[in-house]
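Me: I've got a model open and a pile of labels I'd like to understand. Can you take me through where they come from?

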Amino acid sequence: MKKILLLGDSIRLGYERYVTETLKDVAIVYTPGDVNCGMSQFMLRWVHDWKRKGNFPEDMDVVHWNAGLWDVLRIHGDDTLSPPDFYADTLRRISQRLRMLFPTAKQVFALSTWVQEDLYRGEYQRFNSDIRLFNDIAMQTLAPLGVEFNDLYAVSENAPKACWSDVTHFNTVDGIKRVGGQVVDCLCLQIGVDRASLAEREAELFEIPESILGN
């Protein structure tokens, strides 16, 4: 059985149950449970603790991770929580930490997803222009380190309304099919599994929506 580690923010929390169940016959999927890995600095601080507490094996085949939506958050009109240069340096350090913890794993970074920015209210705001900038920073920073990418931004951009559970998340059946399906596509490619071979299992999950929704 292949070993896969999923790390990331609430977008990951939304699709992890579906990914875990879809791949259960071909891979063991590890996660830090209900922990929202949050912004990049939080992941850098805690990833080694998550490995220890979760008893994650060192011989992981793939680490699929993301951080960015918290980093681009603006509160009361202030700058992004993480300055761009800080974000770049933190991602570099996370990748190096993951390489130390899981030396044989392929690393895949999931680009941050599109948001319905016009629907944000109150003191919190995210802008897609910031997300695109930070995604570009991630690719420029991580590509030289051998990290591959899963473009969840392109998959989520202007997604149909049925995909959204709120202004940021995709915790609906249609949303899981779109965003979670892209994660399964990516992981199947990484571990050499025929995506079509999972169709029956996937169909069973969508017959019972509660079995795939992360909320």
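Reply: Sure. Let's start with one cut-off: a residue is buried under 20% relative accessible area, exposed over 50%, and partly exposed in between. Keep in mind that this is a predicted model.

Me: Why is Phe42 called partly exposed?

Reply: Phe42 has a relative accessible area of 34%. Partly exposed is the label between the 20% and 50% limits, so Phe42 is partly exposed. Trp46 gets that label too, because its relative accessible area is 27%.

Me: What makes Phe42 and Trp46 a tilted pair?

Reply: Two numbers. Rings pair if their centres lie within 6.5 Å, and the centres of Phe42 and Trp46 are 6.2 Å apart. For the angle, planes under 30 degrees apart count as stacked and over 60 as edge-to-face, with the rest tilted. The planes of Phe42 and Trp46 are at 50 degrees, so the pair is tilted. Phe42 and Trp46 both lie in helix 2 (residues 40-54), 4 residues apart, which is about one turn of the helix. Phe42 and Trp46 also form one aromatic cluster with Trp50.

Me: What makes Tyr87 and Phe134 a tilted aromatic pair?

Reply: Run the numbers again: Tyr87 and Phe134 are 4.7 Å apart centre to centre, with 40 degrees between the planes. The distance is within 6.5 Å, and the angle is neither under 30 nor over 60 degrees, so the label is tilted. Tyr87 sits in helix 3 (residues 84-101) and Phe134 in helix 4, so this pair ties together parts that are 47 residues apart in sequence. Tyr87 and Phe134 are both buried. The structure holds 8 aromatic pairs.

Me: How do you know that the charged end of Arg45 sits over the ring of Trp46?

Reply: For arginine, CZ has to be within 6 Å of the ring centre and within 35 degrees of the ring normal. The charged end of Arg45 is 3.7 Å from the centre of the Trp46 ring, and Arg45 is listed as sitting over that ring. Lys177 lies over the face of Phe206 in a similar entry, at 5.0 Å from the ring centre.

Me: Asn135, buried or exposed?

Reply: Asn135 is buried, because its relative accessible area is 4% and the limit for buried is under 20%. Asn135 is in helix 4 (residues 128-142). Leaving aside neighbours within four places in sequence, Asn135 is in contact with Leu111, Ser112 and Tyr153.

Me: Why is Gly38 called buried?

Reply: Gly38 has a relative accessible area of 8%, so Gly38 is buried. Gly38 lies in the loop between strand 2 (27-30) and helix 2. Not counting residues up to four places away in sequence, Gly38 touches Gly8, Asp9, Ala67 and Trp70.

Me: And what makes Asn55 exposed?

Reply: The relative accessible area of Asn55 is 64%, and exposed means over 50%, so Asn55 is exposed. Asn55 lies in the loop between helix 2 and strand 3 (62-65). Its phi is near 55 degrees, a positive value in a residue other than glycine.

Me: Why is Asn158 called exposed?

Reply: Asn158 has a relative accessible area of 55%, so Asn158 is exposed. Asn158 is found in the loop between helix 5 (152-156) and helix 6, and has a positive phi of about 55 degrees although it is not a glycine.

Me: How do you know where the cavities are?

Reply: Rolling a probe the size of a water molecule over the atoms shows where empty space is left. A cavity is a place where the probe fits but cannot get out. The structure holds 2 cavities of 30 Å³ or more. The largest cavity has a volume of about 60 Å³, and about 50 Å³ of space lies in the second largest cavity.

Me: What lines the largest cavity?

Reply: Its lining includes Ser10, Tyr15, His169 and Val179. Helix 1 (10-22) and helix 6 (173-191) each supply at least two lining residues. By class, the lining has 5 nonpolar, 6 polar and no charged residues.

Me: And which residues line the second largest cavity?

Reply: Among them are Asp9, Asn66, Leu111 and Leu152. The lining of the second largest cavity has 6 nonpolar, 3 polar and 1 charged residues.

Conventions: Residues are numbered from 1 along each chain as its sequence is written. This is a predicted model: local features need pLDDT of at least 70, side-chain atom pairs count only at pLDDT 80 or more; totals for chains, interfaces and linings use all residues. Side-chain values use heavy atoms; hydrogens and water are left out. On a 1 Å grid over the protein atoms alone, a cavity is a set of points where a 1.4 Å probe fits but cannot get out, and a pocket is an open set with protein on both sides within 12 Å along at least five of seven lines; lining residues have an atom within 4 Å of a point. Grid points are joined across faces, edges and corners, and a volume is the space filled by probe spheres set on the points. Ala, Val, Leu, Ile, Met, Phe, Trp, Tyr, Cys and Pro count as nonpolar, Asp, Glu, Lys and Arg as charged, and the others, Gly among them, as polar. Buried means under 20% relative accessible area, exposed over 50%, partly exposed in between (1.4 Å probe, protein chains only). Contact means heavy atoms within 4.5 Å. Rings of Phe, Tyr and Trp (its six-membered ring) pair if their centres lie within 6.5 Å; planes under 30 degrees apart count as stacked, over 60 as edge-to-face and the rest as tilted.
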